[in-house]
Amino acid sequence: MSTLDEQRAGAQEGPEAQVGPTPGGEPHFQPYHHPAAGWGAAKSVTKFLMREGALLDGPRAIMKMNHENGGFDCPGCAWPDDTKGLKLDICENGIKHVTWEMTHKRAGRELFARHTVSEMSEWSDFQLEDQGRLTEPMVYDPDTDHYVPISWHDAFELVGRTLRGLDHPNQAAFYTSGRLGNEATFLYQLMARELGTNNLPDCSNMCHEASGRALQAALGTGKGTVDLKDWEATDALFILGVNVASNAPRMLTSLAEACHRGAQVVHINPFVEAGATRTIIPHDFLDMATFHSTRTSTMNLQVRVGGDMALIRGMAKAVLEQAKADPRAVDQEFVDRYTEGFAEYRELCEATSWDELERQCGLSRSDILKAARVYTDADRSIVSWCLGVTQHEHGVDTVREIVNLLLLRGNLGREGAGPSPVRGHSNVQGNRTCGIDHRPSEEFLNRLDDVCKIDAPREHGLDTVGTLRAMNRGDVKVFVGMGGNFALAVPDSAFSYEAIRTCDLTVQVSTKLNRSHLVHGKRALILPCLGRTEKDHQRAGVQSTSVEDSMSMVHLSVGMKQPASRHLLSEPAIVAGMARAALPTSGTPWEWYIEDYDRIRDTMAHVLDGFEDFNRRVRLPLGFRIKQPARELVFRTPSGRAEFSSAPLPDVVPEPGMLALGTMRSHDQWNTTIYSDNDRYRGIRNLRTLVFMNEDDMRERAISEFDPVDIVSTAKDGTHRSLEGYLAVPYDMPRGCAAGYMPEMNVLVALCDYSTQSDQPIMKHVKVTITPAA
């Protein structure tokens, strides 16, 4: 249970964090009608820099972030760096993320001496992170309920001793956040596999697992095939399930440029988000000076929650019908030469009625035909999507339907065309590329064994949902989290907290205090690491790390600041320290690797496909792009062709009295890090415990604006979860739909509510009833 009053009361406790998102006045809602970015973003950044005391460090960071020579990669989203040498390739949320990391506040031993874990557990999540940067390793003392200092040597020995004492390596799980660099990632998975487990859950298990599985099945690659130059050349962009202005703000530049040159840009989302209307790009100084905005869309289609697959199939049906009168509507030569399963898919589209397509997507046949006409009129089209597509039971089928549509007109393997998933975190794609995969391929494991002289396990490991279930059964006894905020990010909060607490040891490698340090095992370690903005000093000098963006470009990142504490270690050094303690007879040269990260990259070059000559190529301007066979029309599928999918259309229409609720981030938030209780682009101030609803749905339930409501979810197994006292906010969205913020609403998502196609938690399609508060 959670109420607005409880959250506010909790947020005021704790003497170290009086300034923050709560309390800040009465809740307020006023629809936003201004351009995205522009002066609103500039004003927000200035206020944030002032609040954090970063009026000097902030501008310095802005001039170093996302620069190809000696700069650091933004630790926020994974949007590619500008290809034209832009000097201010930055955004509002990226600056906030970096400033949050560069804070002058410190969460040192004095903080932990003053407050027990029980006390800090009552603080808000903002307050926890607002304590500042962690400064030294800490270990939980159950006798006093305090974290107390521990040396790095003793911390590593505790990890090593506990891992060595397990009955089986599969009793440990090694989680990864998207912030981890490629070199640390490679060492991390090497350690886990040398120990003997593939238990490598990661944040992709909750975000884009559906994309990877769908693209692998359809094209033989788990990634998108386009790059930023394709975005600059395409005739039509279809953007599905993405809140651009908040989740990938630098995409606004590409959308504005596309509209300016006459390309069609179609946004498909239950909300018409601010980023899908107009923008003023801050580095366009003339536009800023004259308040001149640029369109970021030519069409907005408000599909119902979960209805994207029906819309895409409707577009495909329209293309096939048009082809009967105009054969050029389908690229039959491409289909015949490069694809498999077209006849079955055509029959499926013909058999799917327009009435059913309209019912499932929530749009009229006329709207579907308009979108299809944009597609057939374009010579080259890109379809891009994010979590609004993947976090559903049928996420894999929806992504495959997107590929089906692209294949019909040969929109693959040529400039300006193809699938383009939008990854949410800066190196989440690189984590998977560099070995964080609980279902590794035999080809990868064979190369790893041969190069690194280990005997990696072949049994598939646990993903995120599987790890939580295994913890609850007592089958996972050690949990190591490299970055992120695992406890707050996962679904079914009550179940997950209980599961984590069954562990014998939890280890969190972090930069700031967060909920995962307070929801811990019987023993617990906090291991503080360097941030992306900080210099990584090793024996061979200041080191750089590499990251991969969402379009497969790999480039270097090097910090600009001295570390927040002399006791901080880099993520590669922490992995090596744990590995040496856990594997005392290992032949892997862990310390030698840490002296010079080029040595790690040389080994990676021999193991990872596409990383040949890694050290030279990553130092090229903008780095290098990992080869994508499907881009060259080489398909590593069983048939050797691109595979059409003929999946049945799911029924996503809510049952009478129920709504389909999707969880999402606010604008002033990055993943589980919350900067304030405001959501500027949705017109919200001083409120996070809310639910957005269609006005007719509210009227039907006798609910008015800001009325307190109770939200009850119904899981697949028939169990219920609830939130009480949330405030209803009317919003322009399809009937039968609702939305609210994560992580607060994660409690509504049962652990059993995961996709049978991707094993992802179904965060975007929670079945709920909403009633006036009792």
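A salt bridge is a side-chain nitrogen of Lys or Arg within 4 Å of a carboxyl oxygen of Asp or Glu. With that in mind, we can start our walk through this structure, which is a predicted model. A search of the whole structure turns up 51 salt bridges, and a few of them make good landmarks.

Let us begin with arginine 601 and glutamate 183. They form a salt bridge whose closest N and O atoms are 2.9 Å apart. Arginine 601 belongs to helix α30 (residues 597-607) and glutamate 183 to helix α9 (residues 182-195), so this pair ties together parts that are 418 residues apart in sequence. Are the two partners buried or exposed? Arginine 601 is buried, with a relative accessible area of 1%, and glutamate 183 is buried too, at 0% relative accessibility.

The next stop is the salt bridge between aspartate 235 and arginine 380, where the closest N and O atoms are 3.6 Å apart. This pair also links distant parts of the chain, 145 residues apart. Aspartate 235 sits in the loop between α11 (228-233) and β8 (236-240), while arginine 380 sits in the loop between α19 (365-377) and β14 (381-385). Aspartate 235 is partly exposed, with a relative accessible area of 26%, and arginine 380 is partly exposed at 22%.

A third pair is aspartate 326 with arginine 328, whose closest N and O atoms are 3.0 Å apart. Here aspartate 326 is partly exposed, with a relative accessible area of 22%, whereas arginine 328 is exposed, at 70%. Elsewhere, salt bridges that share partners join Asp202, Glu209, Arg213, Arg432 and Asp759 into one network.

Arg432 leads us on to the open spaces of the model. The largest pocket holds about 1000 Å³ of space. It is lined by 32 residues, and those closest to its centre are Gln216, Gly222, Arg432, Asp437 and Ser441. Which helix gives the most to this lining? That is α10, with 5 residues. Helices α10 (209-219), α22 (428-433) and α23 (442-452) each supply at least two residues of the lining. By character, the lining of the largest pocket divides into 7 nonpolar, 13 polar and 12 charged residues.

There are closed spaces to visit as well: the count comes to 9 cavities of 30 Å³ or more. The second largest cavity has a volume of about 210 Å³. Among the 17 residues that line this cavity, Gly531, Arg532, Asp536, Thr545 and Glu571 are the closest to its centre. Its lining is made up of 4 nonpolar, 8 polar and 5 charged residues.

Our last stop is helix α26 (residues 493-501), in which Ser493, Ser496, Tyr497, Ala499 and Ile500 are buried. Those buried residues cover an arc of only 165 degrees around the axis, which puts them on the same side of α26. A general rule helps here: an α-helix has 3.6 residues a turn, so residues three or four places apart point the same way. What covers the buried residues of α26? The cover includes α24 (464-473), α25 (486-489), β17 (505-510) and α27 (515-518). On the face of α26 turned away from its buried side, you will find the exposed residues Ala494 and Glu498.

Definitions and conventions. Residues numbered from 1 in each chain as written. Predicted model: local features only at pLDDT ≥ 70, side-chain atom pairs only at ≥ 80, totals over all residues. Heavy atoms only, no water. Helix = DSSP H or I, 4+ residues; strand = E, 2+ residues; numbered from the N terminus. Buried < 20%, exposed > 50% of the residue type's maximum accessible area, 1.4 Å probe, protein only. 1 Å grid on protein atoms, 1.4 Å probe; cavity = no way out; pocket = protein on both sides within 12 Å on 5 of 7 lines; lining within 4 Å. Points joined across faces, edges and corners; volume = space filled by probe spheres on them. Nonpolar A, V, L, I, M, F, W, Y, C, P; charged D, E, K, R; others polar. Arc of directions from axis to C-beta. Contact = heavy atoms within 4.5 Å.
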